[in-house]
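Welcome to this structure! Here are some notes to read alongside the sequence and the model, taken point by point.

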Amino acid sequence: MVSQRSIRTLSILLALAGTLPVSADTTRVVSDADSDTFYVTVRQAAPVKEAAPPKAAAAMPAPVVRPETQVITAQEIATQHATNVTDALRRVNGVSINEMVPGTSAYVKLNGDDRVLVLVDGQSLANAQGSAYGRGSVDLTSLPGVGAIERIEVTRGSGSVAYGSGAVGGVINIITKKGSTTPQTTLDVNTGSWGTHGYSLSNSGQSGKTSWFVTGNIDKRSYYKFPQAYDSDESRGDYNNKSLSLRLDQKLNEANSLTLQVFHKTSDGHSSTFDKKDDRFQLLRNKVVDRLYNDYSLTWHFREDTATPGYIRYFNNYSRTWWTNHYFTRTQGLEGQNTWQIGAHRLTAGAAWTEDAGTNKEANYFDEKRHNLAGYVEDVWNIGKWTLTPGLRVDDNSTYGTHYTPRLAVDYQANDKVKVYASMARVFAPPRLNDQFYFTGSTAGNRDLEPETGYTQNLGIQYALTPKTVFDLHVFRSHLHDVIRWNRAVTPHEAENLDEEKKRGLELSLTRTINEHWRWNAGYSYTHIDVDTGDGLAFDATYNRPNGYFSSLDYTGGRWHGNVSLTAGTGRNDTYYLGSSYVVWDGTVSYELTKDCTLYVKATNFTNDAYDLYHEYPAAGRAWLVGATYTF
């Protein structure tokens, strides 16, 4: 139940903010309420003595993407025939995906860190109990199918204060599709290696003031294989996934609408555990995996007939997992946000109340709860070529008290060719429920853990060398105290606070549009991590990709589309991982048989390279996928 105190606090914050005056200006910066992108429009100042005409709903202007944010569009997802969010994110320079058993679980890293906020339409999907490994909070396999996605925004660094205070690596915001005015149905069917079969059906449309977008997915795999193994054929890695997502939008009038979003997914199969023996992977055992996800939210959008809309949302996310233990997690909350234009300032304020509840039967904790009440304010201030964005978030946590996390971002548009950006933000990340309450014969949580605190810094420049060639340099640094890690060198394994962790690195990328048919991209990333476990800072040799490389070549001509990409890592500790380096080649070719039907072929790791990104868990070997997409 939502407490009366929380409701009153949210109501007061929104009501107070709603009394702020709005002034006319020649420049207006418009926010997409569910997004980290913003929009710029220009209008004439209103005459002083004449009454302004009634406002009509206007089309949303074109988005202006912040330099630190890369956008993966629905068109790019469709052209690449990405089968899931994990597949789509692999093509972003600097992104690293950690998988234990591919297809069973996946966690993303940005800026060399897995403390990444993952959102759907601006709403956090963080699992209160935590992940099976690392500090990741959202398993990418739990996300909606790509057929329901309008775009994916990948932001390096802390992102807006509206999203939370725990983003060290970055923020990934998935924006879902709205129903189209013209009815449309899309069917995608594929089959491939290891008994893989996929079926996706989407339908969208509009009737009067009601629009809908619904997507159903079935994905199956019988097993998976990998090179350099003793008994690869005995490793299960099978899954049977079924999901349904619905977005229903109801227009109430020009200024108000309601959005209902529902996501349901079941997944069953097997994971596996391995050992490394004589530089080969050896299967230890297979584990049953059974999951259920039920998420829903209801959002009231208001002031949609202005350039400064707002919203109030209730959400309820539930998951049940059987993976060695039985996990039950529910996060529910109420959040609201409003925006005002005051001269050159775009002011955003909001509040959020959340309740996390978790049960882990085998770990001997039941219905442990934690509450968090947050308020934030952020100002986008345009001063000629400069954009300053100061923000402050306040979190009142039922376990760890009140914490203030300010953020400052600066963007400078030097000219049409050069953009410079920088940001600095404080970090506050409480322990997960499993960190504190997970107690078995071999594992011991720590009820006295302190929250992780510290700061992140990001600096970058984008330079258009030519109209068709863009260079991007991004430098990052983070410094955290009381870093939470599980010490698996002792028995029972213990959750503990390390003294500090320092991370630094950079990313370079070069994008070149060769001509109307060809496009080329190349990137490099470097990450260095030092950790203090009590004896002073020392190099952490367990990071899976100290030097990362990415390159892709895309072709579009007539009815043909194709791309080939390279992902590689060097500088790895070859006593901890299978090898000091790895190189993976992937590719896709598609042909538009008709304007409504496309055939495609995908190959992943077609050199069959053997490597592990999570310690002693082999990545998938060579695999093929053949499919067709039909729209009617």
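1. Among contacts in the protein between residues at least 6 apart in sequence, what percentage join residues at least 24 apart? The value is 60%. Please keep in mind as you read that this is a predicted model.

2. Some overall numbers will help you find your way. The protein has 36 strands and 4 helices. Of its 632 residues, 54% are buried.

3. A good place to start is the open sheet of 5 strands, whose order is S4-S9-S10-S7-S8 and whose pairing is mixed. Strand S4 (69–73) and strand S8 (123–124) are its edge strands, each pairing on one side only. S4 and S9 run antiparallel and are joined by 5 bridges. Within this pair, Ile72 has Ile152 of S9 as its bridge partner.

4. Ile152 turns up again in the largest nonpolar core, which has 25 residues; Ile152, Leu89 and Ile172 touch the most other members. At least two residues of this core come from each of helix H3 (85–89), strand S7 (116–120), strand S9 (149–156) and strand S10 (170–176). A second, separate core has 17 residues, including Val101, Trp194, Ala229 and Tyr614. Leaving aside residues up to four places away in sequence, Ile152 touches Leu89 and Ile172, and its other contacts include Val71, Ile77, Val85 and Ala88.

5. Next, please look at Arg370 in strand S20 (residues 365–383). Arg370 is buried but has no salt bridge. Why is Asp356, the nearest side chain of opposite charge, not a salt-bridge partner? Asp356 is 5.4 Å away, and a salt bridge needs a side-chain nitrogen within 4 Å of a carboxyl oxygen. The side chain of Arg370 does make a polar contact of 2.3 Å with the side chain of Gln436. Among the residues that Arg370 touches, beyond those up to four places away in sequence, are Glu355, Asp356, Tyr400, Pro430 and Leu433.

6. Lys287, in strand S16 (residues 280–302), is another residue to inspect. Lys287 is buried and has no salt bridge, and Glu616, the nearest side chain of opposite charge, is 12 Å away. Not counting residues up to four places away in sequence, Lys287 touches Gly269, His270, Ser271, Thr273, Trp323 and Thr324.

7. Towards higher residue numbers, you can trace a hairpin formed by S32 and S33, with 4 residues between them. Strand S32 (residues 582–592) pairs with strand S33 (residues 597–604) in the antiparallel sense over 6 bridges, and Gly587 has Ala603 in S33 as its bridge partner. S33 also pairs with strand S36 (residues 623–631), antiparallel over 8 bridges. In that pairing, Tyr600 stands opposite Gly627 in S36.

8. Finally, a few backbone details are worth checking. His81 is not a glycine, yet has a positive phi of about 55°; this residue lies in the loop between helix H2 (74–80) and H3. Is His81 buried or exposed? His81 is buried, with a relative accessible area of 10%. Asp367, also not a glycine, has a positive phi of about 50° and is found in strand S20. Asp367 is partly exposed, with a relative accessible area of 48%. A cis peptide bond, with omega about 0°, joins Thr491 and Pro492. Pro492 sits in the loop between strand S26 (469–487) and strand S27 (493–513).

How values were computed. Residues numbered from 1 in each chain as written. Predicted model: local features only at pLDDT ≥ 70, side-chain atom pairs only at ≥ 80, totals over all residues. Heavy atoms only, no water. Buried < 20%, exposed > 50% of the residue type's maximum accessible area, 1.4 Å probe, protein only. Lys, Arg positive; Asp, Glu negative; His and termini not counted. Polar contact = N/O pair within 3.5 Å; in protein donor to acceptor, adjacent residues only side chain to side chain. Contact = heavy atoms within 4.5 Å. Core = buried A, V, L, I, M, F, W, Y, C linked by side-chain atoms within 4.5 Å. Pairing = 2+ DSSP bridges.
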